[in-house]
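Trainee: I've got this one open on my screen and would like to talk it through. Can we fix our vocabulary before we start counting anything?

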Number of protein chains: 2
Amino acid sequence: MTPLQLSITLPGWADELERVGEVHADPASRMALAVEASRRNVEMGTGGPFGAVLFGAATGRLLALGVNAVVRLRNPVLHAETMAVMRACARYETFTLAHGSGTDEPVDLYSSCEPCAMCLGALLWSGVRRVVFAARRDDAERLGFDEGPVFPETFAYLRRRGVVVEQGPLRSEARDVMAHYHSAGGPIYNG
Amino acid sequence: MTPLQLSITLPGWADELERVGEVHADPASRMALAVEASRRNVEMGTGGPFGAVLFGAATGRLLALGVNAVVRLRNPVLHAETMAVMRACARYETFTLAHGSGTDEPVDLYSSCEPCAMCLGALLWSGVRRVVFAARRDDAERLGFDEGPVFPETFAYLRRRGVVVEQGPLRSEARDVMAHYHSAGGPIYNG
């Protein structure tokens, strides 16, 4: 039997958004890119309304970008956040983005939506130290997306291990992208 | 810039364990394979002491196998469970293993250890309907592995969505593999 090939790629249009090393000094600019990725993913028909970008926390250098690719790549693990983490780790040849182990500065994730249970776990293992989101869990759930088993003590647990999860800018813009996807009949898989 | 290549493979020795379509009628035989994968992963030096196998619940047909590949493939998302799910989905060209959507029978996961927070989320999204584990969360934690933010209400949440997580056979055998890895100085990354 030929070995199973399993490869993970961004959609072609995303190459021009993932400008590795570009500096985004302003947090609003970091989030704008995550939301833009979510918007393009919907417009181009390449996946669900979710985008995520990893930045060096101090410098604002872009490390990697991800978009939801569950349906396109037929892989339920490929949320925007997991894809961004996998791409950064592949690029820097490390299994951890923790400062001092895999990277020379702490790493922050900007996500167009509050991460689900799987992604919060993945972010803990990834060494990312701060997660900033635009749209909130209940914005996603109102449209039928499930965020999985996440509770108030989840965030306390993460905080004790040095991972902060917090609301950032552009909530209504990110929510608009999700609503547009929903009203255009985009599939709410795992609904 | 050349596009980033990100490919996900089993170690070579695992091909002979992943005999797709082979029938394991007995649940103990299903778990024995998951524990054997964890043991071989340690012996061959290809990753952490964790193995997982997906089976058709009714027929016992083997669908896919995974082993921990975090360090080998430098990818913090590649626990045994996520790898098994990704391989099954790639093989059957589906983003869901839910009965009637992606597969013609319900799918069960047998894992050598109780899944972490990330993997429980991934299993929920994968459509797997039953998760059976050998070693327990506290067996892993006693060796310094972190299982992430998992709480009693996590399992209640999963159950409401049709996913059962339960203790199966071979706990002490699976625990022995983890203890062997630990005493041989295997890295407890993300410890």
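Mentor: Sure: two strands pair if DSSP finds at least two bridges between them, and helices (H or I, at least four residues) and strands (E, at least two) are DSSP runs, numbered from the N terminus. This is a predicted model, where local features need pLDDT of at least 70 and side-chain atom pairs count only at pLDDT 80 or more, while totals for chains, interfaces and linings use all residues. Residues are numbered from 1 along each chain as its sequence is written, with chains lettered from A and ligands numbered from 1 in the order in which they are written.

Trainee: Let's take chain B, then. Which strands sit at the edges of its sheet?

Mentor: The sheet is open, with 5 strands and mixed pairing, in the order S2-S1-S3-S4-S5. An edge strand pairs on one side only, and that picks out S2 (62-67) and S5 (164-167) of chain B.

Trainee: By how many degrees are neighbouring strands of this sheet turned against each other on average?

Mentor: Axes here are lines fitted to C-alpha atoms (for helices over the stretch in contact), and angles run from 0 to 180 degrees between N-to-C directions. With direction ignored, the average turn between neighbouring strands in the chain B sheet is 20 degrees.

Trainee: What is the bridge partner of Tyr110(B) in S4(B)?

Mentor: Start with the strands: S3 (residues 107-113) and S4 (residues 130-135) of chain B run parallel, with 5 bridges between them. Follow Tyr110(B) across to S4(B) and you land on Val132(B).

Trainee: Now S1(B). How many of its residues are buried?

Mentor: A residue is buried if 20 or more other C-beta atoms lie within 10 Å of its own, exposed if 12 or fewer, and partly exposed in between, with C-beta atoms placed from the backbone. Gly51(B), Val53(B) and Phe55(B) point one way, Ala52(B), Leu54(B) and Gly56(B) the other, and all are buried. So S1(B) is largely enclosed by the rest of the structure, and the count is 6 of 6.

Trainee: And which residue stands opposite Gly56(B) in S3(B)?

Mentor: S1(B) has antiparallel pairing with S2(B) over 5 bridges, where Ala52(B) is partnered by Gly66(B). S1(B) also pairs with S3(B) in the antiparallel sense, again over 5 bridges. On that S3(B) side, Gly56(B) faces Val107(B).

Trainee: Which residue in the turn between S1(B) and S2(B) has a positive phi?

Mentor: Those two strands make a hairpin with 5 residues between them. The turn residue with a positive phi, about 75 degrees, is Gly60(B).

Trainee: On to the helices. At about how many degrees does H6 of chain B run to S4(B)?

Mentor: H6 (residues 171-183) lies across S3 and S4 of chain B. Those two strands are also among what covers its buried residues, along with H1 (27-43) and H4 (137-142) of chain B. Against S4(B), the angle is about 65 degrees.

Trainee: Why do the buried residues of H6(B) count as being on the same side?

Mentor: The buried ones are Ala174(B), Arg175(B), Val177(B), Met178(B) and Tyr181(B). The arc is that of the directions from the helix axis to the C-beta atoms. They fall on the same side of H6(B) because that arc is only 155 degrees.

Trainee: Which residues are exposed on the other side of H6(B)?

Mentor: Turn H6(B) around and two serines show up as exposed: Ser172(B) and Ser183(B).

Trainee: How many residues of H2(B) are buried?

Mentor: H2 (residues 80-92) of chain B reaches 18 Å from its first C-alpha to its last, close to the 18 Å expected; the expected span is 1.5 Å times one less than the number of residues. Its cover includes S1 (51-56), S2, S3 and H3 (117-126) of chain B. The helix is mostly covered, with a buried count of 10 of its 13 residues.

Trainee: Last one: which element gives the most to the side of chain A that touches chain B?

Mentor: Contact means C-beta atoms, placed from the backbone, within 7 Å, and 40 residues of chain A are in contact with 40 of chain B. Elements giving two or more residues to the chain A side are H2 (80-92), H3 (117-126) and H5 (152-160) of chain A. The biggest share, 8 residues, comes from H3(A).
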